[in-house]
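Visitor: I've got a two-chain model to go through. Can you put it up and walk me around it?

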Amino acid sequence: MTADVPDAPTAALTPAALALGDDALVLSHRLGEWAGHAPVLEEEVALANIALDLLGQARILLSMAGDEDELAYLREERAFRNVQLVEQPNGDFAHTIARQLYFSAYQHLLYAALAAGDGPFAPLAAKAVKEVAYHRDHAEQWTLRLGDGTDVSHERMQRACDALWRYTGELFQPVQGLDADWAGMEAAWLETVGDVLRRATLTVPEGPRSGAWTAGAGRQGLHTEPFGRMLAEMQHLHRSHPGASW
Amino acid sequence: MATAAAHRTAGTRAHDAHDAHDRPDAVHDTAAYEQAFDAAVAADERIEPRDWMPDAYRATLVRQIAQHAHSEIVGMQPEANWITRAPSLRRKAILMAKVQDEAGHGLYLYSAAETLGVGRDELLDKLHSGRQKYSSIFNYPTLTWADVGAIGWLVDGAAITNQVPLCRCSYGPYARAMVRICKEESFHQRQGYELLLALSRGTPEQHAMAQDAVDRWWWPSLMMFGPPDDASQHSAQSMAWKIKRHSNDELRQRFVDICVPQAASLGLTLPDPDLKWNEERGHHDFGPIDWTEFWDVLKGNGPCNEQRLAQRRRAHEEGAWVRRAAAAHAAKHARGTTGPARTTGETGATRA
């Protein structure tokens, strides 16, 4: 089955559609792992809601590059183009929120820029930027609550922000086929995220913003170890019934 | 409630009756309240939170609504078990949306219970300590993808058969919650049916998967209607109060009659050799239910009782620091801000 596909030639769009689509697909999957485990019932609703928005984006983007299910279920790890940030395991609630904060701030800037342009991703971005504004607000509010909550929550939130910092440099590596002011977005991102962290009484991490891999590794199909296991779970059933429809 | 007599009782509380011996007219008042309540129920009027109601009516509703709410949130588990393995992105989106709806139903129902003077925290505590129950159906495992479809078709189907009459329940907040819930549930039920249909018409392996799931979920679904009428301890009173409108056996029969033709159009069979149309009764006869299994599961000895409760407890305990943080943050920022939005720890989460 295929989601609504914008009328556009696909070949030229493929690298960018895969990059953005894989980001959304993988983060949606991680958030789906929270179902039934959230700290409060309202967060079951909120996390599932965000996961669904992202899955909706992923379906449109992957459909711009080909068949959504073939792309999601039949590619191997080395063919996925998502940034490493989104594949990071959920960890505790603070870890999940830090990942959401970093990613939604980035995605909001990018979609706002794409929506303002007249490129092939503008229609998708125009719709998605509204969803992402909600995601960013959700992450920001929780960063404030956890950072400026109790000593325990402050420490957990700081630890999460520090641990994920190294995956943020990759967000601003230019993506083939996307016309955007990457350096400008990075500066805006640092300002936005820095402001939220400071208001949450947290310290802006000082460590390197890329790991031992060159930044941009995820976009080249170089991923972290937990990702393969995530895909094994995600793809297992689909791969067990070749050619079946569901 | 809308009768004149009942209106006069508005604002009184059930525990006023405890002062009865201090006030000469109190006994008479209570009798009048009771009469007004009975008249309102007899006239099919809705009882509302501020109306006087018998203590036992209140207690029964708290028990039933809370256990209904618990069933929604424990019921997320067997289906969430397949979110990360859903075989297509479309099915994954449908399943995520369904599990999210269930959390939403839990929220409506806890709110309805709270109108009766209990708190959500207190009810969750009772669930986690095993003092309140949830539907025994969720103590069965989801072993294949087809189970997601069988739950939608059979379990949600049974729930709807049970719950549609609750839309006319005498207690207003519960009845109104059920109207919203039933709409979403019937949507889920159709999705489950459609999932099974796709499997049934798919490869031989997919068809076998669908049949196996229906074989495993059929009898537990019939048990969802509760014990047979002669062994149902709350039924008579609940029917007199119009909380319940039909007996367990009546609803079970209705469900069987609905499912038989649906199973046929799915191209699947129901695992009951005694199942056959009875011309004389105008209903399907069906085989005996294994009540030993039912009582066993209810007592905590089903395949997943331990696991379901443990996961609920773990989510709650591991989330305690998050809830404390939200409360501490709200308390810090309550002063100097306008509006009530930051006065409790839960509001932030509610907003989210």
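Visitor: What area is buried between chain B and chain A?

Guide: About 4500 Å². Carbon and sulfur atoms give 65% of that area. Keep in mind that this is a predicted model.

Visitor: How many residues does the contact take from each chain?

Guide: Chain B puts in 51 residues, and chain A puts in 54 residues.

Visitor: And how many salt bridges are there between chain B and chain A?

Guide: Two. In one salt bridge, Arg120(B) meets Glu42(A), at 2.6 Å from N to O.

Visitor: How many residue pairs are in polar contact between chain B and chain A?

Guide: There are 18 such pairs, with both residues at pLDDT 80 or more.

Visitor: Which elements of chain B supply the side that touches chain A?

Guide: Those supplying at least two residues each are α4 (76–80), α5 (89–114), α8 (172–200), α9 (204–223), α13 (305–318), α14 (320–334) and α15 (345–351) of chain B. α5(B) gives the most to that side, with 14 residues.

Visitor: How do the residues on that side of chain B divide by class?

Guide: On the side of chain B that touches chain A, 27 are nonpolar, 13 are polar and eleven are charged.

Visitor: New topic, pockets. How much space lies in the largest pocket?

Guide: About 1200 Å³. The largest pocket is lined by 45 residues. Closest to its centre are Gln64(B), Gln67(B), Asn162(B), Met224(B) and Gly226(B).

Visitor: Which elements give two or more residues to that lining?

Guide: They are α3 (55–74), α7 (146–163), α8, α10 (235–240), α11 (248–266) and α12 (291–301), from chain B. By class, the pocket lining holds 19 nonpolar, 17 polar and nine charged residues.

Visitor: α12 of chain B, then. Where is Trp291(B) placed?

Guide: Trp291(B) is in helix α12 of chain B.

Visitor: What is Trp291(B) in contact with, leaving aside its neighbours within four places in sequence?

Guide: Gly226(B), Pro227(B), Pro228(B) and Arg252(B). Gly226(B) is also one of the residues closest to the centre of the largest pocket. Pro228(B) is 63 residues from Trp291(B) along the chain, and their C-alpha atoms are separated by 9.1 Å.

Visitor: On to closed spaces. How many cavities of 30 Å³ or more turn up in the whole structure?

Guide: Four. The largest cavity holds about 140 Å³ of space.

Visitor: Which residues are closest to the centre of the largest cavity?

Guide: Pro39(A), Val40(A), Leu41(A), Leu124(B) and His316(B), out of 14 lining residues. Two or more lining residues come from each of α2 (41–65) of chain A and α6 (120–128) and α13 of chain B. α13 of chain B also supplies at least two residues of the side that touches chain A.

Visitor: How does the lining of the largest cavity split by class?

Guide: Seven nonpolar, one polar and six charged residues.

Visitor: What about the second largest cavity, how much space lies there?

Guide: About 110 Å³. Its lining has 13 residues, and Ile94(B), Val148(B), Gln191(B), Gly192(B) and Leu195(B) lie nearest the centre. α5, α7 and α8 of chain B each give at least two residues of that lining. The split is five nonpolar, five polar and three charged.

Visitor: Back to salt bridges. How many does the structure hold over all chains?

Guide: 25. One of the bridges joins Asp92(A) and Arg156(A), with the closest N and O atoms 3.0 Å apart.

Visitor: Which parts of chain A does that pair tie together?

Guide: Asp92(A) lies in the loop between α4 (84–87) and α5 (93–116) of chain A, and Arg156(A) lies in helix α7 (residues 151–165) of chain A, so the pair ties together parts 64 residues apart in sequence.

Conventions: Residues numbered from 1 in each chain as written. Chains lettered and ligands numbered in written order. Predicted model: local features only at pLDDT ≥ 70, side-chain atom pairs only at ≥ 80, totals over all residues. Heavy atoms only, no water. Contact = heavy atoms within 4.5 Å. Buried area = accessible area lost by both parts, 1.4 Å probe. Salt bridge = Lys/Arg side-chain N within 4 Å of Asp/Glu carboxyl O. Polar contact = N/O pair within 3.5 Å; in protein donor to acceptor, adjacent residues only side chain to side chain. Helix = DSSP H or I, 4+ residues; strand = E, 2+ residues; numbered from the N terminus. Nonpolar A, V, L, I, M, F, W, Y, C, P; charged D, E, K, R; others polar. 1 Å grid on protein atoms, 1.4 Å probe; cavity = no way out; pocket = protein on both sides within 12 Å on 5 of 7 lines; lining within 4 Å. Points joined across faces, edges and corners; volume = space filled by probe spheres on them.
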